[in-house]
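Subject: Handing over the structure

Hi,

Here is the structure I promised to pass on. Have a look at it first, and then read on for what turned up.

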Number of protein chains: 2
Amino acid sequence: MIGEKFKTLLSKNNLRLTSERMRLFNELKDSPAPLTINNLVKRTSDTLDQSTVYRNLDLFEELGVTHRVYTGWKYKVELSDSFKSHHHHMLCSNCGVVIEFHESKELIKDLDRISKKYSFNISNHSLEITGTCSNCS
Amino acid sequence: MIGEKFKTLLSKNNLRLTSERMRLFNELKDSPAPLTINNLVKRTSDTLDQSTVYRNLDLFEELGVTHRVYTGWKYKVELSDSFKSHHHHMLCSNCGVVIEFHESKELIKDLDRISKKYSFNISNHSLEITGTCSNCS
DNA sequence: TAGCTTATTGCGAAAAATTTGCAATAAGGA
DNA sequence: TCCTTATTGCAAATTTTTCGCAATAAGCTA
């Protein structure tokens with residue numbers, strides 16, 4: 001169960017599992033596409049204060065629960081690889097649809113090559129594509 | 001000359017070449033790494049008003065003169081491929097250094113494959129890597 | 001289960017970032 | 001050099017994000 005992992009992570013760090021955190025986590029989990037902070041503030045405004053949203057998003061990021069992706073004009077937040085399988089995005093600049101796709105072995109190899117070439121220890125990477133989807137072009 | 005291209009682009013769109021725009025463009029051109037909007041506001045505050053910076057960065061983006069890259073916590077602005085050769089970034093999460101690198105043929109092939117698979121017409125892509133640089137690890 | 005400790009929340013307000021209206025200025029074509 | 005109008009600076013409004021603090025509630029302990 002994905003929620004269990006979240007709960008464990010919190011307690012391991014002496015952090016409390018509050019209904020607010022659960023709400024935010026679920027909001028992210030249930031979203032088919034990354035959300036802006038503003039999206040999250042609005043979606044939860046019935047029960048959560050904006051400061052709670054901000055504080056917890058910072059926390060989530062620190063804990064590695066979420067990461068920010070930059071699709072389009074503003075960055076957005078989504079669950080990170082530990083909670084959702086690693087993937088990348090294609091953003092249609094016409095209709096705004098976001099398509100997720102998984103990376104190829106070739107890309108992984110390529111990253112490995114780059115890592116060696118620059119003696120750079122890669123911990124994370126993001127690949128974001130923009131263009132027009134099949135419907136729009 | 002790279003500046004010429006910029007000038008031509010402006011006049012083609014019935015936009016005027018002002019000293020403020022030139023200043024902003026040069027600030028971007030001369031920077032070895034992408035800049036945050038705030039960086040630009042501060043760097044030019046001796047002669048440019050913040051609203052001028054914001055308005056022109058929007059314009060630059062629309063014209064395709066710049067694009068936003070997401071390295072680290074906030075997004076940054078840099079000249080786009082037409083004005084600076086296409087490249088990607090590695091950000092050291094320890095010391096903050098940004099290393100540029102050029103993409104491989106393999107990556108291009110891979111993008112092409114993805115494009116076909118999803119019938120997605122790719123106009124742009126970004127690959128951002130984080131980790132630790134050779135000095136820090 | 002009740003009590004205790006303290007992490008977390010909501011609230012209100014402050015600070016920072018971004019946008020806007022408008023009069024004054026200056027780019028660039030005639 | 002003149003004229004038209006895009007662009008700027010200024011000041012103020014909005015929007016976004018942060019912060020201090022008292023009230024609340026999570027979760028450990030007895």
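Let me start with a small detail: in the hairpin of E3(B) and E4(B), which has five residues between the strands, B:Gly96 has a positive phi near 85 degrees. Helices and strands here are DSSP runs (H or I and at least four residues for a helix, E and at least two for a strand), numbered from the N terminus. The two strands of that hairpin, E3 (residues 88-92) and E4 (residues 98-101) of chain B, pair antiparallel over four bridges; pairing takes at least two DSSP bridges between two strands. Within this pair, B:Met90 is bridged to B:Ile99.

Before the rest, some housekeeping. This is a predicted model, in which local features need pLDDT of at least 70 and side-chain atom pairs count only at pLDDT 80 or more, while totals for chains, interfaces and linings use all residues. Residues are numbered from 1 along each chain as its sequence is written, chains are lettered from A and ligands numbered from 1 in the order in which they are written, and side-chain values use heavy atoms, with hydrogens and water left out.

Chain A on its own

Chain A has five helices and five strands, and along the sequence they follow the pattern α-α-α-α-β-β-β-β-α-β. Its C-alpha atoms fill a box of roughly 45 × 40 × 25 Å along the principal axes.

Where the two chains meet

The contact (heavy atoms within 4.5 Å) takes 37 residues from chain A and 37 residues from chain B. Between them the chains bury about 3,400 Å², 64% of it on carbon and sulfur atoms; buried area is the accessible area, with a 1.4 Å probe, that two parts lose on being put together, summed over both. On the chain A side, A:Tyr70, A:Trp73 and A:Phe120 lose the most area to chain B, together 21% of what that side buries.

How many salt bridges cross this interface? The rule (a side-chain nitrogen of Lys or Arg within 4 Å of a carboxyl oxygen of Asp or Glu) finds zero. There are, however, 12 residue pairs in polar contact between the chains, with both residues at pLDDT 80 or more. A polar contact is a pair of N or O atoms within 3.5 Å; within protein, one must be able to donate a hydrogen and the other to accept it, and residues adjacent in sequence count only if both atoms are side-chain atoms.

Several elements of chain A give two or more residues to the side that touches chain B, among them H4, helix H5 (105-117) and strand E5 (121-132). The largest share, 12 residues, comes from E5(A). By class, that side of chain A has 17 nonpolar, 12 polar and eight charged residues. (Ala, Val, Leu, Ile, Met, Phe, Trp, Tyr, Cys and Pro count as nonpolar, Asp, Glu, Lys and Arg as charged, and the others, Gly among them, as polar.)

E5(A) also pairs across the interface: 11 bridges join it to E5 (residues 121-132) of chain B, and the two run antiparallel. One place to look is A:Asn124, whose bridge partner in E5(B) is B:Thr130.

DNA strand C

Around DNA strand C there are 22 residues, and A:Arg21, A:Thr47, A:Thr52, B:Leu17 and B:Tyr54 come nearest; near means that a heavy atom of the residue lies within 4 Å. Sugar and phosphate make up 64% of the strand C atoms that come within 4 Å of the protein. A polar backbone atom of A:Thr47 is 2.9 Å from a phosphate oxygen. At the bases, a side-chain N or O atom of A:Arg55 is 3.0 Å from a base oxygen, and one of B:Arg55 is 3.5 Å from a base oxygen. H4(A) supplies the largest share of this surface, five residues.

DNA strand D

DNA strand D is also surrounded by 22 residues, the closest being A:Leu17, A:Tyr54, B:Arg16, B:Arg21 and B:Thr52. The side chain of B:Thr52 has an N or O atom 2.4 Å from a phosphate oxygen. Base nitrogens of this strand lie 3.1 Å from a polar side-chain atom of A:Arg16 and 3.3 Å from one of B:Ser51. The largest share here, five residues, comes from H4(B), and the surface has six nonpolar, nine polar and seven charged residues.

Over to you!
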